[in-house]
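Dear colleague,

Please find below the structure that I am handing over to you, followed by a short account of what was found in it.

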Amino acid sequence: MAKILVVGGSLGGLFVANILLRQGHDITLLEKATGSLDGRGAGIVTHDALAQALKAAGVTVDHTLGVPVSQRVTLGGDGKNLGEMGLPQILTSWSRLYHMLKENFPAERYLQGKAVKALTQDEKSVRVQCEDGSQYEAELLIASDGIRSGVRAQVAPQIQPEYAGYIAWRGVCDEACLSQHTLDTLFNRFGFCLPDGEQMLGYPVAGSGNDTRPGKRRYNFVWYRPASEDQELVSLLTDDDGHHYPTGIPPLKVSWKHIAHMRQAAREILAPQYAEILEKTAAPFLQAIYDVRSEQIVFGRVALMGDAAFVGRPHVGMGVTKAGDEAMVIGKHIAKLGASPEALQAYSDERLKLGQQVVARAQYLGRYMQAQGTKGTRDTDNLKRNASTVMAETAIDISDLLAQGKAVPESAH
């Protein structure tokens, strides 16, 4: 049995902490936030690999995981159906997965208010010092502490998030608020709407208390919109009192003026069904979209995983699944090679190139979105072609493509 530190108590950290604890290791998880992380993210697209990772973490996977959909649809700006395709998927929420994983992990091993300040290692152990003065020592450290990883800042300070040139408006709207027309034409599907150089998508998720009964669910949306880094982004990340949040504005601090402007734009350019959803969403929030691409994810006794290692734009719909995959691979190699730098190196050998491919795939999907509608007229044939491409390529299971090294279509290189 080895002592292993996990830094980051979100989904990736909980995956790897649960898996390694089940192997019999002595796990301590350090999370910098205090209080519940619940509700930080909205919807999550599930894949088969995600269910495997949940089972490996000791979580029971059944019909309560999420809301099933069988179809995708793209709506035009007039609200009419531009095309549809069959694709069964189960859509869940960040908070659902967080509760499942956290309830499975011993509370006394989940330490909060632990922000990593310094990190040292030698041939036998790795030590961390936290900002509250506490210190921890272990044989390995697995860092899953997010896009602004404090551990990555120590071992690979040159790797920084790069802004992609656009933001996402996000939120969830209660099913009970919506008109019958929107319920009939959109609610039970994974839906898209494609204004010039933008993309709206959404799907049903569980409602309050993880209720998946019809009438009690919510519709989760993500609306990608361009925003210049120097002016628009700075303004969007500034609250009504003039406080600027360069690394991300808290959901409830988003300016009412920006929300009003966003809703006005929705009425002008989105399908009326989506405009209604945005109008009736109580607290929409926004997220700036970034890429993080690592050239190295293992540093002796320290490994990066999840968003600390790679951040692919959300178009891929694989972020949580990727973290689950990485946690299983780390567990597999530690089981085989012990809690050693060799086990971490074997993880890197298996996952580094895959992580880079996920980022490349996300960039390809983002470029495709940004290029739409900027070349002349929006003719109907072109719109239908775009609709079928987006429905076929966004948030699908790309495990096989990754395995073949084909995450980005040949024509896009």
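**His47 and its surroundings**

His47 has a relative accessibility of 6% and therefore counts as buried. Please bear in mind that the model is a predicted one. In the chain, His47 belongs to the loop that runs between β3 (43-45) and α2 (48-56). A polar atom of the His47 side chain lies 2.9 Å from the backbone oxygen of Gly317. Gly317 also appears among the residues in contact with His47 once neighbours within four places in sequence are left aside; the others are Gln89, Met318, Thr321, Ala395, Ile396 and Asp397.

**Sheets**

Two open sheets deserve description. One has 6 strands in the order β6-β2-β1-β10-β17-β16, and its pairing is mixed. At its edges stand β6 (110-112) and β16 (298-299); each has a single partner strand, so one side of each is left without a neighbour in the sheet. Within this order, β1 (residues 3-7) and β10 (residues 140-143) run parallel and are joined by 4 bridges. Leu5 has Leu141 of β10 standing opposite.

The other open sheet is formed by 3 strands in the order β7-β8-β9, with antiparallel pairing. Here the edge positions are taken by β7 (116-121) and β9 (135-138), and because each has a single partner strand, one side of each lacks a neighbour in the sheet. On average, and with direction ignored, neighbouring strands of this sheet are turned by 15 degrees against each other. Strand β8 (residues 126-130) pairs with β9 over 4 bridges in the antiparallel sense. Which residue of β9 is the bridge partner of Val128? That residue is Tyr136.

**Aromatic pairs and a cluster**

The structure contains 7 aromatic pairs. One of them is formed by Trp94 and Tyr98, whose centres are 5.0 Å apart and whose planes are at 25 degrees, and this pair is stacked. Trp94 and Tyr98 are 4 residues apart in helix α3 (residues 94-103), so about one helical turn separates them. Both residues are buried: Trp94 has a relative accessible area of 11%, and Tyr98 has a relative accessibility of 2%.

A further pair is that of Phe190 and Tyr203; the ring centres lie 5.0 Å apart and the planes stand at 40 degrees, so the pair is tilted. Because Phe190 lies in strand β12 (residues 190-193) and Tyr203 in strand β13 (residues 199-205), the pair ties together parts that are 13 residues apart in sequence. Phe190 is buried at 1% relative accessibility, and Tyr203 is likewise buried, with a relative accessible area of 3%.

In addition, one aromatic cluster is made up of Phe187, Tyr219 and Tyr274.

**Charged side chains over rings**

Two cases may be of interest when you inspect the model. Lys102 lies over the face of Tyr110, at 4.6 Å from the ring centre. The lysine belongs to helix α3 (residues 94-103), while Tyr110 falls in the edge strand β6 (110-112). In the second case, Arg148 lies over the face of Tyr290, and the distance to the ring centre is 5.0 Å.

I should be grateful if you would examine these places in the model at your convenience.

With kind regards

Definitions and conventions: Residues are numbered from 1 along each chain as its sequence is written. This is a predicted model: local features need pLDDT of at least 70, side-chain atom pairs count only at pLDDT 80 or more; totals for chains, interfaces and linings use all residues. Side-chain values use heavy atoms; hydrogens and water are left out. Two strands pair if DSSP finds at least two bridges between them. Axes are lines fitted to C-alpha atoms, for helices over the stretch in contact, and angles run from 0 to 180 degrees between N-to-C directions. Buried means under 20% relative accessible area, exposed over 50%, partly exposed in between (1.4 Å probe, protein chains only). A polar contact is a pair of N or O atoms within 3.5 Å; within protein, one must be able to donate a hydrogen and the other to accept it, and residues adjacent in sequence count only if both atoms are side-chain atoms. Contact means heavy atoms within 4.5 Å. Rings of Phe, Tyr and Trp (its six-membered ring) pair if their centres lie within 6.5 Å; planes under 30 degrees apart count as stacked, over 60 as edge-to-face and the rest as tilted. A charge sits over a ring if NZ of Lys or CZ of Arg is within 6 Å of the ring centre and within 35 degrees of the ring normal.
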